[in-house]
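Trainee: I would like to learn how to read ring pairs and helix packing in a model. Could we take them in turn?

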Amino acid sequence: MTTTDYDVVVAGAGPVGLFLGCELRLGGARVLVVERLTEVDETIKAGAVNIPSAVAFYRRGLLPEMAAVWEAARERLRAFRKEAVGKEGGKPRIPPKFAGHFAGIMMDPDLFDGSDPAWADVGPAAEAGLGVPQAELERILAARAAELGVEVRRGVELTGFAADEDGVTVHVRALEGDPEEIRAGWLAGCDGGRSTVRKLAGFDFPGTDPEITGYQAVVELTGAERLGEGWNTTDVGTYVHGPFPGRVLSVEFDGPPADRSARVTAEELQASLRRVSGVPEVTITKVVTATRFTDNARQATEYRRGRVLLAGDAAHVHSPFGGQGLNLGIGDAMNLGWKLAAVVRGRASAALLDTYTAERHPLGAWVLDWTRAQIALMRPDRHARALRRVVTDMALTTTGTTYLVTQISGVRQHYDLPGDHPLTGHSAPDLELSDGTRLGDHLHSGRALLLDLADDPKLRARAEGYDDRLDVLTAACPARPGLAALFVRPDGFVAWAADGGGTDALPEDLREALPEALDRWLGTPPNTAWPAA
């Protein structure tokens, strides 16, 4: 047995585990990420990155890498369409703009009204339109983790752990090696929907049982010319064909599969696609990659038990419709990472971790209901189909499209934080500053930010003593003359804000509220007394 000390052990090197590892390292924690798989899993999985996730990556300087992957994928799709047209004759078809879907009801981007205030000041992330395959996302995050000094050990499986008041002894075993004990201060379970960490820690995981079996795959097939393109609803279920060659999805309401972990065969996938599509000629000759899924919808009642925490699918599972799962997990990691690092480094008490469940659990509950509603609309019974027609009519209006696209995007996500300012608890607006930078450019370090837009030395004096965890920036924002100052947490959410018109001095009562917010989220700096007004 070998003993190694880390501040945090993260179980699972998917996007959530890797991103959490990066956030912890930015906060100064010593991190070990263990992953059972020896290589990145190439199985087709989530690929849609919503606005909060794109903003999170942007705030850590990762958006260019994400955008490059997305543009390369789009170029491959354009090339395929051009080649297909060349073989069939005719004019090239321009790929339609994609605004998302709800239960397979496609949104018309021309009906979307972007004047909703929730879309204001999102910044470059709003234009990213990212569709990044999960395997590519893992590679990008793994490279960033290596740059930051996060230790990632693949081919190492967590087999058990014992938690006490002072830390966690984690038991792991390499595929080729002896059992090992690793001592850490904390354990974070990012090990998926069938999480070993969650089960061994005894987290309650209530929810609703599955009623579907779904398949998503990339295949080689014949007879595809009779399949409808995009999302198709039939008397049996739902299937998808496209948007790139060989990509298929099928959903049947015949209960969950007998064994979700069994390999998906060509025969099984072909039979499902034939039943749902009603096209007996379609034949799958080869499975490139395939996965099986259900609509099992469950959520841990709490995300922390002592020194064990959960994030991503380990904390909540649901159907994949709408691509919410990956994004929900990235949000978990962004919220948890800086808080756990602050506790590890002694800058905050463990009570700060209670805000993790308080802030993230309501969003998880909303996502579960959002996916349940889609399942209800996809059922093949007459009542569901009647309701689907009504919802489709509503969705194909400006109001309906704008509501659904805005909800799918996640742009309205916020936390219930103390404070009366309209920005408090919301993702910080990506303000354009007079020096040519944007607010997001100043969050790459993973530190908190006090943005003084009023050039108020008395305000900046309130932040003295926080040099090791807070950046203070004095700048002007001509587009927002009424906004005087923002205190932005490391995750990019506004914890305190103040207005002040023009050259008017910032009211003293607003200045006095800043120390309370700093203390709540960053802890009290040692040997510091607040200066007199």
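Mentor: What follows covers ring pairs, charges over rings, one loop residue and one helix contact. This is a predicted model, in which local features need pLDDT of at least 70, side-chain atom pairs count only at pLDDT 80 or more, and totals for chains, interfaces and linings use all residues. Residues are numbered from 1 along each chain as its sequence is written, and side-chain values use heavy atoms, with hydrogens and water left out.

Trainee: How is a pair of aromatic rings described?

Mentor: By the distance of the centres and the angle of the planes. Rings of Phe, Tyr and Trp (its six-membered ring) pair if their centres lie within 6.5 Å; planes under 30 degrees apart are stacked, over 60 edge-to-face, the rest tilted. The structure has nine aromatic pairs. In one of them, W231 and F321, the centres are 6.0 Å apart and the planes at 65°, so the pair is edge-to-face.

Trainee: Which parts of the chain does the pair of W231 and F321 tie together?

Mentor: W231 is in strand β11 (residues 230-233) and F321 in the loop between β18 (316-317) and α8 (324-344), so the parts joined are 90 residues apart in sequence. Strands (E, at least two residues) and helices (H or I, at least four) are DSSP runs, numbered from the N terminus.

Trainee: Is F321 buried or exposed?

Mentor: Buried means under 20% relative accessible area, exposed over 50%, and partly exposed in between (1.4 Å probe, protein chains only). F321, at 3%, is buried. F321 also pairs with F293: the centres are 5.8 Å apart and the planes at 85°, so this pair is edge-to-face. F293 is buried as well.

Trainee: When does a charge sit over a ring?

Mentor: When NZ of Lys or CZ of Arg is within 6 Å of the ring centre and within 35 degrees of the ring normal. R198 lies over the face of F205, 3.7 Å from the ring centre; R307 lies over that of W186, at 4.6 Å.

Trainee: And the loop residue, E464?

Mentor: E464 is in the loop between α12 (457-461) and β20 (470-474). Its relative accessibility is 48%, so E464 counts as partly exposed.

Trainee: At what angle do α8 and α9 pack?

Mentor: Axes are lines fitted to C-alpha atoms, for helices over the stretch in contact, and angles run from 0 to 180 degrees between N-to-C directions. For α8 and α9 (residues 354-378) the angle is about 175°, with the axes 10 Å apart. The contact (heavy atoms within 4.5 Å) includes L328 and L336 of α8 and L363 and W366 of α9.
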